[in-house]
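Reader: Hey, I've got a protein model to look at for class and I'm a bit lost. Can you walk me through it?
Author: Sure, let's bring it up.
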Amino acid sequence: MSSTLSRRLPLAALLPLLVLAAACSSRSGAPAPVVLPDDAPGAAQRVDDPHSWAEPWDVAVTHLGLDLDVDFAARQLAGTARLDLDNRTAATTLFLDTRDLDVRAVRRDDGEAAHFELGPADPVLGRRLAVAIEPDTEWVEIEYATSPAAAAVQWLDPEQTAGGEHPFLFTQSQAILARTWVPLQDTPSVRFTYDATVRVPPELMALMSAENPTTRSADGVYRFRMPQAIPSYLMALAVGDLEFRSVGRVAGVYAEPAVVERAAWELEETDEMIPAAERLYGPYRWGRYDVLVLPPSFPFGGMENPRLTFATPTILAGDRSLVALVAHELGHSWSGNLVTNATWDDFWLNEGFTVYVERRIMEELRGREYAEMLASLGLRDLRETVAELGADSPDTRLHLELADRDPDEGMTDVAYEKGAFFLRMLEEAVGRERWDPFLRSWFEEHAFESVTTTQFLDYLNDELLAPAGLDPDALQVDAWVFGPGLPSNLPEPSPARFDRVDAARQAWIAGELADALPTADWTTHEWLHFVRGLPEDLSPRQLAELDSAFGFTASGNSEILTAWLLVALANDYEPAYAAAERFLTTMGRRKFLVPLYGALLAAPGGHQRALAIYEQARPGYHSVSRGTIDEMLGWGDREN
Ligand code: BES
Ligand code: ZN
């Protein structure tokens with residue numbers, strides 16, 4: 001709403017609004033986000049991020065120097081963060097984000113101890129740290145320690161790793177959890193370079209979203225450098241018994257010794273993905289691209305930490321069938337890491353673009369038909385999500401309004417899939433010969449910038465639609481971005497391979513034996529389409545027949561297993577319970593946990609059964625997954 005407004009208003013009309021916004025503090029009265037184009041004379045861009053206490057338009061952090069000791073026994077990171085400042089307005093207070101941090105002292109570049117104050121704790125935003133500075137203060141150094149409960153950090157006992165002998169630690173900073181392990185301006189509208197010294201037990205290796213070692217250091221001391229400016233949510237650290245394997249010119253894999261060979265085999269195509277993406281969207285700007293395969297409690301499929309994607313081991317299917325996830329995280333090297341959503345309301349600029357890019361990369365590698373299968377599965381997810389949220393829910397809009405909420409709540413398939421289908425609709429409207437250079441220029445011209453939805457729409461109109469003589473209204477651009485639900489010009493992928501799957505499913509429903517179906521050349525994606533399209537009500541005999549023909553309950557493919565368990569649990573198929581319990585107690589990927597606990601809850605006697613499994617599983621989950629499942633199961637409210 002307000003964004004549509006500011007997009008249409010000429011600059012002069014915006015000035016009174018800007019004065020007003022500058023007069024309010026960033027949070028009180030929650031002023032509408034007001035963005036001054038960065039080419040406006042004499043103006044630094046101002047983006048009000050409702051999820052940060054920082055006021056970077058006054059003083060911005062430009063570089064972070066981190067010095068940390070990693071203490072597994074105390075589950076604590078302790079040390080110093082030195083922040084280099086760009087003080088644009090002779091400000092005398094620096095505002096930072098912290099959550100659950102023990103701030104012990106702050107020093108200034110002049111050697112003086114700086115006065116500091118922590119504000120009240122907000123459950124989502126944490127505490128504002130205000131540091132007194134001089135107009136000419138060039139840096140401050142904060143001495144601090146994390147809490148054992150720091151939400152970004154998961155400390156794993158040896159039993160939770162593949163090797164079983166050494167502890168492990170990893171961080172997950174997106175969206176606003178970096179502030180639980182580093183005091184900084186935790187908003188994607190601020191970018192900074194960093195270096196770090198990290199001390200760990202000498203038998204372990206440390207890795208960051210930076211230039212990384214490939215072998216263990218003798219003394220447990222690691223030095224890192226990240227020379228490209230990144231937003232805080234891309235800060236990442238992992239420590240464990242890790243090994244490196246190269247899989248090509250600039251690509252490699254890190255994992256525990258017990259996993260690393262399997263991981264390197266599965267992810268070998270990474271080396272091909274990089275040049276494929278470069279042909280489409282311009283040079284890869286980050287030096288190396290490595291993937292760290294984490295222990296199974298990693299709460300996401302992947303996280304695009306620059307130079308070092310973090311990934312779940314549930315993509316190791318043994319047949320390279322789930323590597324689109326790597327194409328996705330690699331894709332963020334353009335959409336997200338290079339051109340970054342300015343606030344979490346603009347999340348679709350990261351994820352919708354990246355799903356689009358992911359499918360283009362997979363098309364380069366495996367052909368159009370393969371990418372169409374991915375798109376078709378994505379469309380089904382999108383329709384289900386929109387149906388769950390309600391087609392008129394504000395959360396089905398691409399541009400979100402997440403002020404006063406946890407940004408996590410906006411991170412649904414809408415940003416991913418509606419975003420990707422919006423770009424596909426534009427691609428189809430103008431043709432690839434116009435669209436591909438346009439997207440490439442968007443990345444090139446906004447490299448290392450944080451961008452708003454409004455900026456993209458302006459660029460789209462000026463650089464693509466107007467020159468092509470296309471009317472944005474005819475394409476329903478505003479309905480896509482600011483309206484709920486799914487616009488009528490939603491593209492509809494229809495891979496021929498899925499038509500054959502539909503025919504096989506129909507034949508089975510009509511009485512053909514499962515064993516006799518023509519499934520010999522099916523990939524994971526055909527299986528997913530087959531299972532997701534099964535009728536809602538199936539008899540125990542039918543489920544048993546499918547299971548014995550195709551071995552679903554015993555599947556080692558995490559995607560197929562999840563899709564099957566959802567069908568099986570919904571029909572109270574007994575063997576599924578043990579399989580669900582095994583899966584839920586051995587991995588913590590939220591995308592699988594949420595629907596599976598949901599299916600357990602919906603089954604007869606479900607709440608008790610779900611709680612019994614969760615009680616066992618919960619200590620092994622990362623805080624991100626725990627938060628979601630606690631809420632689903634009413635964990636905090638139970639009587640015992
Ligand atoms: N950046 C996201 C993960 C994320 C999003 C973490 C929001 C925290 C908050 C990552 O790129 C991602 O989208 N991962 C997906 C996999 C992808 C193939 C869709 C996931 O983890 O499932
Ligand atoms: Zn993503």
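Author: What follows is a chat about this predicted model, from its overall build to its ligand and cavities.

Reader: Okay, big picture. How many helices and strands are there?
Author: The protein has 19 helices and 20 strands.

Reader: And how does the radius of gyration sit against the globule rule?
Author: The protein's radius of gyration is 25 Å, and the globule rule gives 26 Å for 640 residues, so the protein is as compact as a globular protein of that length. If you picture a box along the principal axes, the C-alpha atoms fill roughly 80 × 65 × 55 Å.

Reader: Cool. Now the ligand. Which residues are closest to ligand 1?
Author: Sixteen residues surround ligand 1, and the closest are Q174, G301, E304, E329 and Y416.

Reader: What does the side chain of Q174 do there?
Author: One of its polar side-chain atoms lies 2.7 Å from a nitrogen atom of ligand 1. Y416 also has a polar side-chain atom at 2.7 Å, in this case from an oxygen atom of the ligand. Then there's H332, where an N or O atom of the side chain is 2.9 Å from an oxygen atom of ligand 1.

Reader: How much of ligand 1 does the protein cover?
Author: On its own, ligand 1 has 520 Å² of accessible area, and the protein covers 89% of that. The elements that give two or more residues to the shell are β17 (302-303), α5 (324-331) and α6 (347-366). The largest share is from α5, with three residues.

Reader: What kinds of residues make up that shell?
Author: It's a mix: six nonpolar, six polar and four charged.

Reader: Back to Q174 for a sec. What's the peptide bond between Q174 and A175 like?
Author: That one is cis, with omega at about 0 degrees. In general, most peptide bonds are trans. A175 sits in the loop between β9 (168-171) and β10 (192-199).

Reader: What about phi of Q476?
Author: Phi of Q476 is near 60 degrees, which is a positive value in a residue other than glycine. You'll find Q476 in the loop between α10 (453-465) and α11 (477-482).

Reader: New topic: holes! How many cavities of 30 Å³ or more are there?
Author: There are five of them. The largest has a volume of about 160 Å³. It's lined by 15 residues, and the closest to its centre are Y356, R359, E372, A375 and R424. Helices α6, α7 (368-389) and α8 (413-430) are the elements that each give two or more residues to that lining.

Reader: How does the lining of the largest cavity split by class?
Author: Nine residues are charged, six are nonpolar and none is polar.

Reader: And the second largest cavity?
Author: That one holds about 40 Å³ of space. Its lining includes Y284, W286, R307 and N337, and also E304 and E329. Those last two, E304 and E329, are also among the residues closest to ligand 1.

Reader: Oh nice, I remember those names. What's the class split in that second lining?
Author: Five nonpolar, four polar and three charged.

Notes: Residues numbered from 1 in each chain as written. Chains lettered and ligands numbered in written order. Predicted model: local features only at pLDDT ≥ 70, side-chain atom pairs only at ≥ 80, totals over all residues. Heavy atoms only, no water. Near = heavy atom within 4 Å. Polar contact = N/O pair within 3.5 Å; in protein donor to acceptor, adjacent residues only side chain to side chain. Areas by Shrake-Rupley, 256 points an atom, 1.4 Å probe, with all protein chains shown as cover. Helix = DSSP H or I, 4+ residues; strand = E, 2+ residues; numbered from the N terminus. Nonpolar A, V, L, I, M, F, W, Y, C, P; charged D, E, K, R; others polar. 1 Å grid on protein atoms, 1.4 Å probe; cavity = no way out; pocket = protein on both sides within 12 Å on 5 of 7 lines; lining within 4 Å. Points joined across faces, edges and corners; volume = space filled by probe spheres on them. Rg over C-alpha atoms; globule rule 2.2 N^0.38 Å.
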